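Reader: Before I rely on any of the labels attached to this model, I would like to hear how each one was earned. Could you take me through the reasoning?

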Amino acid sequence: MIRIRLSILIPLLLILSSVAGSTLLFWEETRVANRNIQRAGIDNLHASLTHLQNMLNTQLAADSLEDARLSLSVSALHPGIRTLLLADENNRVMLANRYIWEGNSAPRVSGYVEAIARQVRQTQASSISLNANLLHGYFPVTLRLVAGGVGVDRVGVLFVEYDLVPQFAQARHNAVVQASLVGGLMLAVAIAVAILLHLLVSRRVKKIVEVSQRFAAGDMDVRVHLRGHDELAEIGHAFDDMAGQRKIAQEEVVQLSLQNKLILDSTGEGIYGLDTHGRCTFVNPAALQLLGFKVEELLGQHIHTAIHHTRQDGSPYPEEACPILAVYKQGVVHRGNDLHWRKDGSSFPVEYISTPILEAGKITGAVVVFRDITERKLDEEALHRLNRELRAISNCNETLMRAEDEQALLDDICRIICDDAGYRMAWVGFAENDEAKTIRPVAWAGVEDGYLAQAGIRWADTERGRGPSGIAIRSGESSCIQDFSTDPKAAPWRDAAMQRGYRSSISMPLKDESTNTFGILTIYSSAPHAFTPEEKRLLEELAGDLAFGIMVLRARIERKRAEESLRLMNERYALSTRAGRLGVWDWDLQKNELVWDDRMYELYGVKREEFSGAYEAWLQGIHPDDRVPSDEISKQAQSGEREYDTEFRVVWPDGSIHYLKAYGQFVRDAEGKPLRMTGVNFDITGLKEAENKVNELNRDLEKRVNERTAQLEEANKELEAFSYSVSHDLRTPLRAIDGFSHILLEDYSDKLDDEGKRLLNVVRDNTCRMGQLIDDILKFSRAGRLELNFSEIDMEHLAHFVFEELQPSVTNSKLQMEIEHLPPARGDSAMMRQVFVNLLSNAIKFSRNNAIPKIQVGVTVKDDETIYYVKDNGAGFDMQYSDKLFGVFQRLHSMNEFEGTGIGLAIVKRIIARHGGRVWAEGKVGEGATFYFSLPRDGIS
């Protein structure tokens with residue numbers, strides 16, 4: 001190993017160290033200067049901007065925007081400030097050292113980072129960072145601008161960009177100068193030490209001492225950096241190693257502290273610390289967010305009064321019983337579940353742990369960690385509800401398996417839903433196909449209290465059909481009301497539902513095997529928004545199981561009915577074959593075997609042993625004239641051209657002929673090939689004989705009808721002649737009586753007393769009445785004899801036309817006539833006019849004594865007939881005499897009350913009867929009457 005003497009080494013090292021020292025000094029001075037400039041810049045920037053921040057808060061609170069602009073402009077004159085602006089809560093520039101920025105988006109300005117600005121506004125804490133020799137500062141500013149007399153607090157950001165480049169350049173220049181001076185000095189010293197070798201050792205020792213002192217003063221970056229293998233160098237190396245390890249340890253401590261802070265800031269649990277007096281010493285962002293406080297509102301505050309902490313039922317803890325405060329008093333860890341209350345007064349459940357802080361075995365405070373367990377509580381509650389529903393579904397399925405009666409099944413299902421699943425009410429309804437499309441409740445359980453009777457629930461697309469039940473039936477999908485107090489669909493039932501504690505409901509369709517909806521299952525809950533997707537899915541499964549159970553139960557009952565019906569049919573078949581003397585046969589076409597029962601042998605007049613059982617043997621027993629047609633019909637039935645339904649004659653061995661009726665049906669294979677044929681025969685010989693007698697009677701009856709028709713035509717001619725004679729012969733004396741009475745009243749009035757005049761007027765009135773009676777009799781007679789000329793009649797127009805004809809005879813000017821829209825009818829137009837004349841005349845006559853007479857003409861349309869009616873509010877009649885209304889000369893009122901002959905309604909009845917209709921009336925004494933007449937919708941029947 002080469003050894004260099006210190007006398008040579010020391011001068012050489014000093015010369016080299018002068019150069020290295022200059023460089024190191026330049027680097028060190030530059031670094032220290034940069035750090036000092038950065039710290040000074042941050043301090044100055046923080047001080048200046050804090051001052052400007054306070055000024056802006058004050059000026060903006062007073063709505064002095066111009067003063068704020070001036071303050072910002074003055075501050076912008078500070079050397080090194082490149083950018084200075086104030087942005088509002090929406091990152092829009094309010095004030096800036098460059099006016100062109102004002103009103104623009106702040107992120108467009110170089111250096112402005114929107115995410116940092118948002119964090120500053122949220123945390124209300126300033127932020128300063130260094131980036132490429134530029135300091136970027138963000139300071140929160142309260143924007144309280146008065147608008148319309150109302151103050152609005154907002155949070156803005158004061159942004160500054162501070163340039164340190166000039167200062168860093170000056171620092172490097174100073175470092176160069178200083179390093180040059182020190183290097184030159186060191187070089188002079190090195191030359192001197194080269195002369196004075198022994199000073200080398202002294203200088204190294206001194207350096208070690210100086211470095212040790214600086215290190216002891218806290219300068220962790222200072223090092224001896226001695227080279228060589230001598231004792232001083234080893235001492236220097238040991239010192240440098242110790243200093244390096246100490247710096248690493250300190251950096252690890254700082255890093256650990258920073259990491260702990262990051263953990264506290266990023267954790268989702270709320271964390272805060274307490275001192276031994278219960279005051280808050282620190283709080284992490286999660287706790288602030290959960291509680292709704294700001295940092296300054298909690299730090300230093302007594303935690304028991306600052307944070308409202310109560311038991312789970314909401315009752316407060318006395319301070320002496322508060323479990324959180326008891327931790328640092330008792331020194332034990334405490335866990336629990338309680339309620340925490342936010343700043344806005346709302347509460348939320350928490351799970352927390354409070355742990356004492358120990359330093360040197362002494363309790364110096366406590367740290368509390370808590371988390372919001374609202375979602376867990378909701379999940380637990382949802383799980384509890386799902387478990388109840390699963391239990392209810394299981395019980396319902398057991399009930400479905402045991403069910404024998406549909407009503408008992410529905411009652412049990414509704415009860416289980418309410419008792420086991422905890423719902424307020426449940427009911428099952430079936431959709432009716434009536435005109436109103438009602439939903440008929442068939443079973444219910446829970447708190448019902450007459451709700452279904454007054455609910456009037458429909459499945460039509462109307463107001464009471466747009467609830468969950470109606471929607472479920474129409475759409476075949478489940479439908480909910482999640483809150484009866486707010487959902488518009490709940491409007492028709494809101495009050496009644498809220499009174500019974502219903503807050504939400506769900507209706508699920510019940511479908512048959514063809515997926516047709518025949519009913520609904522509706523469930524009500526006492527909680528709003530009770531039906532989550534998972535609950536809805538389970539309840540739909542329950543509804544599906546219930547519908548399937550109903551269908552199975554009905555099918556089971558139907559099968560039992562079918563079995564019973566089949567048994568009865570078999571009994572009736574056996575009885576009918578015996579009673580109807582039916583013969584049953586079966587023909588195997590593959591084997592050509594014809595099997596008969598006992599009755600068949602009787603019908604063909606042969607014994608069992610005399611019949612070979614072949615088709616040809618049967619054909620041989622048929623009358624010779626009927627064999628070919630019967631064989632042809634059999635072949636056509638085999639080919640599928642016709643049904644086997646025929647009649648034929650058979651010849652018995654004794655030569656007698658009998659008529660038989662035969663029905664048969666083929667059994668075919670998959671390809672349609674006939675395999676066998678079964679059928680019945682029965683004797684119709686008596687029927688044929690009766691038919692022949694009937695034909696003879698019909699021929700005789702037709703002859704008699706023709707004779708009677710001729711007699712009737714002759715009688716009608718005689719009646720018509722008689723009617724003419726009555727009309728002519730009776731009217732002549734009546735006219736004479738009326739004329740002579742009139743002459744007596746006019747020419748001999750001075751010779752007649754008042755009684756004589758009265759009697760002559762009575763004679764004239766009765767003569768006039770007799771003439772009217774003759775006219776009515778003739779009308780009644782013609783109504784039965786005139787030929788009907790059918791055509792399409794506009795009944796509404798006809799009613800209006802008749803009323804206008806009758807209007808001149810109306811004595812009460814306040815008469816109100818209402819004629820509804822009347823559908824047309826087929827009939828004789830003249831006769832229909834007579835019907836309206838008679839009915840409207842009666843209505844006008846019998847309602848004239850009312851203060852305000854009212855007459856209404858309306859209609860009711862049915863499947864096979866159209867019913868027209870005339871309604872009045874007149875004198876009316878007693879319904880016990882309604883059968884006399886349509887008789888000839890039948891009157892229910894005296895002539896002194898109402899005039900008339902009593903034939904008008906009889907004429908109406910005869911006309912309507914000839915049109916194939918009917919007439920009737922309804923009334924009540926003093927309350928009016930309604931006269932109805934119907935006409936077939938297809939014309940005369």
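Author: What follows sets several labels against their cut-offs, bearing in mind that this is a predicted model.

Reader: What makes strand β28 count as enclosed by the rest of the structure?

Author: A residue is called buried when its relative accessible area is under 20%, and 9 of the 9 residues of β28, residues 928–936, are buried, so the strand is largely enclosed by the rest of the structure. Both faces are covered, with G928, T930, Y932, S934 and P936 buried on one side, and A929, F931, F933 and L935 buried on the other.

Reader: How do you know that β26 and β27 are each paired with β28?

Author: Pairing requires at least two bridges between two strands. Strand β26, residues 865–872, is joined to β28 by 8 bridges, and strand β27, residues 919–924, is joined to β28 by 6 bridges, so both meet the requirement. The strands run antiparallel in the pairing of β26 with β28, as they do in that of β27 with β28. Among the bridge partners, K871 is matched with T930 of β28, while K924 is matched with G928 of β28. In the hairpin of β27 and β28 there are 3 residues between the strands, and G926 takes a positive phi near 80°.

Reader: How do you know that the span of helix α12 is close to the one expected?

Author: The expected span is 1.5 Å times one less than the number of residues. Helix α12, residues 406–419, has 14 residues, for which 20 Å is expected, and the helix reaches 20 Å from its first C-alpha to its last. Its buried residues are E406, L409, L410, I413, C414, I416, I417 and C418.

Reader: What makes the approach of D405 to Q407 at the start of α12 a polar contact?

Author: The cut-off for a pair of N or O atoms is 3.5 Å, and a side-chain oxygen of D405 reaches to within 3.2 Å of the backbone nitrogen of Q407, so the pair falls inside that limit.

Reader: Why is the space lined by W585, W587, L594, W618 and Y644, among others, called a cavity?

Author: The term applies because a 1.4 Å probe fits there but cannot get out. The count comes to 6 cavities of 30 Å³ or more, and the largest holds about 130 Å³ of space. Of its 14 lining residues, the five you name lie nearest its centre. By class, the lining has 12 nonpolar, 2 polar and no charged residues. Among the elements that each supply at least two of the lining residues are β17 (582–588) and α18 (615–620).

Reader: Which classes of residue line the second largest cavity?

Author: Its lining has 7 nonpolar, 5 polar and no charged residues. The elements that give two or more residues to this lining are α14 (468–475), β15 (504–511) and β16 (517–525). Including Y451, W493 and Y524 in its lining, the second largest cavity holds about 90 Å³ of space.

Reader: Why is the space around G21, L24, M186, K207 and V224 called a pocket instead?

Author: A pocket is an open set of points, whereas a cavity is one that the probe cannot leave, so the two terms separate at that step. The largest pocket has a volume of about 1300 Å³, and of the 32 residues that line it, those five are the closest to its centre. Helix α1 gives the most to this lining, with 12 residues, and the residues of the lining divide into 16 nonpolar, 3 polar and 13 charged.

How values were computed
Residues numbered from 1 in each chain as written. Predicted model: local features only at pLDDT ≥ 70, side-chain atom pairs only at ≥ 80, totals over all residues. Heavy atoms only, no water. 1 Å grid on protein atoms, 1.4 Å probe; cavity = no way out; pocket = protein on both sides within 12 Å on 5 of 7 lines; lining within 4 Å. Points joined across faces, edges and corners; volume = space filled by probe spheres on them. Helix = DSSP H or I, 4+ residues; strand = E, 2+ residues; numbered from the N terminus. Nonpolar A, V, L, I, M, F, W, Y, C, P; charged D, E, K, R; others polar. Buried < 20%, exposed > 50% of the residue type's maximum accessible area, 1.4 Å probe, protein only. Polar contact = N/O pair within 3.5 Å; in protein donor to acceptor, adjacent residues only side chain to side chain.
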